[in-house]
Structure formats: structure tokens, C-alpha cells
Amino acid sequence: MSIYILNIETSTKACSVAIHKNANLIALKESVTENFSHSEKLLVFVEELIENSQIKLVDISAIAVSMGPGSYTGLRIGVATAKGLCYGLNIPLISISTLKSMSLGMSLKMKADLFCPMIDARRMEVYSAFFDINNIRKRGIQADILDSNSYKNELKEKVIFFGDGSNKAKEVINNKNAIFITDFHPSANFIGMLSYQKFLNSDFEDLAYFEPFYLKDFVAGKKP
């Protein structure tokens with residue numbers, strides 16, 4: 001039986017949509033822009049993928065979405081779109097931790113003792129977690145304020161810091177065990193590798209009550 005899952009990633013500057021068949025990528029559309037144009041691009045990307053992959057919407061078995069942490073607006077757009085598609089198609093919703101999918105993606109590219117995906121937050125703050133080579137979480141998701149003493153216990157081993165928050169880490173952390181990959185972005189491709197397993201386990205969200213994982217309350221910027 002073929003299981004098609006539409007995967008959505010909008011938690012950062014990356015707007016990414018993928019279709020997987022039994023965990024295998026068959027179509028991907030994504031872009032990274034500074035102006036967070038997810039509201040204009042997301043449904044267009046979905047429509048293009050459906051058309052180009054020659055799969056009908058009714059063939060989709062579930063929608064998976066990156067649940068956060070990340071951009072408040074980006075997460076709202078991604079989850080609202082995923083919910084709308086699930087309601088319209090009468091199919092289940094799957095949520096995937098943004099940091100876990102990022103860690104999986106990096107572990108497929110590089111080897112290390114620990115992987116630390118980082119999402120840029122305010123000032124010198126990042127959202128981060130630590131995972132091992134098997135993508136098992138070794139430290140929970142936290143909002144960390146970075147300084148020269150950050151992660152000294154973890155840096156007893158080789159650690160890859162990556163994501164748009166790793167630029168901040170690179171500025172203040174000086175350790176021979178630290179590797180920084182600053183041009184890595186979340187992708188719906190990595191979500192698809194995790195959402196298929198959740199589908200097989202019937203690990204679905206309640207459409208009526210599911211909300212993104214913001215980690216911190218939204219703080220609106222002051223108008224000039």
C-alpha cells in the first residue's frame with residue numbers, strides 16, 4: 001500500500017513543502033527569504049507539487065507540519081494551512097518537532113557525537129536541543145542565552161551547531177570540539193522521514209485543539 005504524506009515546514013525563513021511516498025521523497029519545493037513570505041508562497045508550493053508529481057490531493061493520506069519552536073508567524077501559517085487541508089480532505093494531522101527534523105537532516109550529512117540544531121530567537125538567544133547520532137534527544141528543548149560559557153559540558157565531545165542560530169554561537173563559543181554550520185535550514189524533506197513512522201503508529205494530532213510549540217510567548221515589536 002502506498003502512503004503519500006504532504007509535509008510542511010514554515011518555522012523559520014525557509015518555506016518548504018514535500019511529498020513523500022512511504023518515507024521516500026518524490027517532490028520538493030522550497031525557498032529561503034528574509035521577508036518571511038510564507039503566506040504568499042505556501043499554498044502555491046502545495047499546488048505546484050501536486051500538479052508536477054501527478055498525484056491528486058485525494059491520494060494524500062496525511063498532512064505533516066513542523067510544530068516548532070520557531071517564528072510565531074511562520075508556525076501559525078504552517079499549522080493553519082495544514083489544518084485546513086486536513087479538514088478539507090478528512091485526513092489526519094501529524095506534527096514533527098522542528099529541531100528533531102533538523103537534527104535528522106544534519107546527521108545524514110555529517111558525523112559527530114552530538115548535534116545541536118539552533119533557531120534564531122531574540123538578541124543572543126536561540127532555541128536549541130541536543131541529539132545523538134541516532135537522533136535520540138539527549139537534552140530537552142530550551143531557549144538559551146549564549147555566552148562564552150555555553151554548553152561546556154556538551155563540548156567535552158564533538159558537537160555540530162547548525163541552523164540560523166548557530167551564527168550567534170560561533171561568535172562567542174571558542175572550543176576545538178565545536179563545529180558550526182551556519183547555512184543549514186529546516187526542510188520538509190527531513191519531516192517526511194519522521195512523519196511516515198508516526199503515520200504507521202497512528203500518532204495523530206487533535207485537529208480542533210492542536211497548537212504549535214512556541215516555547216515562549218509571542219512578543220510584538222514596537223511600532224516606530
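Hi everyone, let's start with one residue and work outwards. V159 touches L114, C116, F130, E154, N177, A178 and I179, leaving aside residues up to four places away in sequence. Please keep in mind that we are looking at a predicted model.

So where does V159 sit? You will find V159 in strand β9, which covers residues 159-162. Is V159 buried or exposed? With a relative accessibility of 0%, V159 counts as buried, because buried means under 20%. Now look across to F180: V159 and F180 are 21 residues apart in sequence, and their C-alpha atoms are 8.6 Å apart in space.

Let's zoom out to the sheet that holds β9. Five strands make an open sheet here, in the order β8-β7-β6-β9-β10, and the pairing is mixed. The edges belong to β8 (137-145) and β10 (178-181); each has a single partner strand, so one side of each is left without a neighbour in the sheet. On average, neighbouring strands of this sheet are turned by 20° against each other, ignoring direction.

For anyone new to sheets, a quick reminder: strands pair through backbone hydrogen bonds, and they do so either parallel or antiparallel. In this sheet, β6 and β7 are an antiparallel pair, joined over 4 bridges. If you want a spot to click on, I119 stands opposite Y127 in β7. A helix packs on this sheet too: α3, residues 98-107, touches β6, β7, β8, β9 and β10. The direction of α3 makes about 130° with that of β6.

While we are at β6 and β7, have a look at the loop between them. R123 lies in that loop, between β6 (114-120) and β7 (125-131). R123 has a positive phi of about 50°, although R123 is not a glycine. Is R123 buried or exposed? R123 is exposed, because its relative accessible area is 72% and exposed means over 50%.

Now for the other sheet. In what order do its strands run? The order is β3-β2-β1-β4-β5, which gives an open sheet of 5 strands with mixed pairing. Here the edge strands are β3 and β5 (93-96), each pairing on one side only. Neighbouring strands of this sheet are turned by 15° against each other on average, again with direction ignored.

Let's pick out one pair. β4 and β5 run in the parallel sense, with 4 bridges between them. One bridge to find on screen links I63 with its partner L93 in β5.

Which helices lie across these strands? Helix α1, residues 38-53, lies across β1 (4-9), β2, β3 and β4, and runs at about 25° to β2. Helix α2 lies across β1, β4 and β5, running at about 165° to β4.

Two loops are worth a stop before we finish. N22 lies in the loop between β2 (14-21) and β3 (24-32). Phi of N22 is near 50°, a positive value in a residue other than glycine. N22 counts as partly exposed, because its relative accessibility is 23%, and partly exposed covers the range between buried, under 20%, and exposed, over 50%.

The second loop runs between β4 (60-66) and α2 (72-89), and P69 lies there. What kind of peptide bond leads from G68 to P69? That bond is cis, with omega near 5°.

That's my tour, and thanks for listening!

Conventions: Residues numbered from 1 in each chain as written. Predicted model: local features only at pLDDT ≥ 70, side-chain atom pairs only at ≥ 80, totals over all residues. Heavy atoms only, no water. Buried < 20%, exposed > 50% of the residue type's maximum accessible area, 1.4 Å probe, protein only. Contact = heavy atoms within 4.5 Å. Pairing = 2+ DSSP bridges. Axes fitted to C-alpha atoms, helices over the stretch in contact; angles between N-to-C directions.
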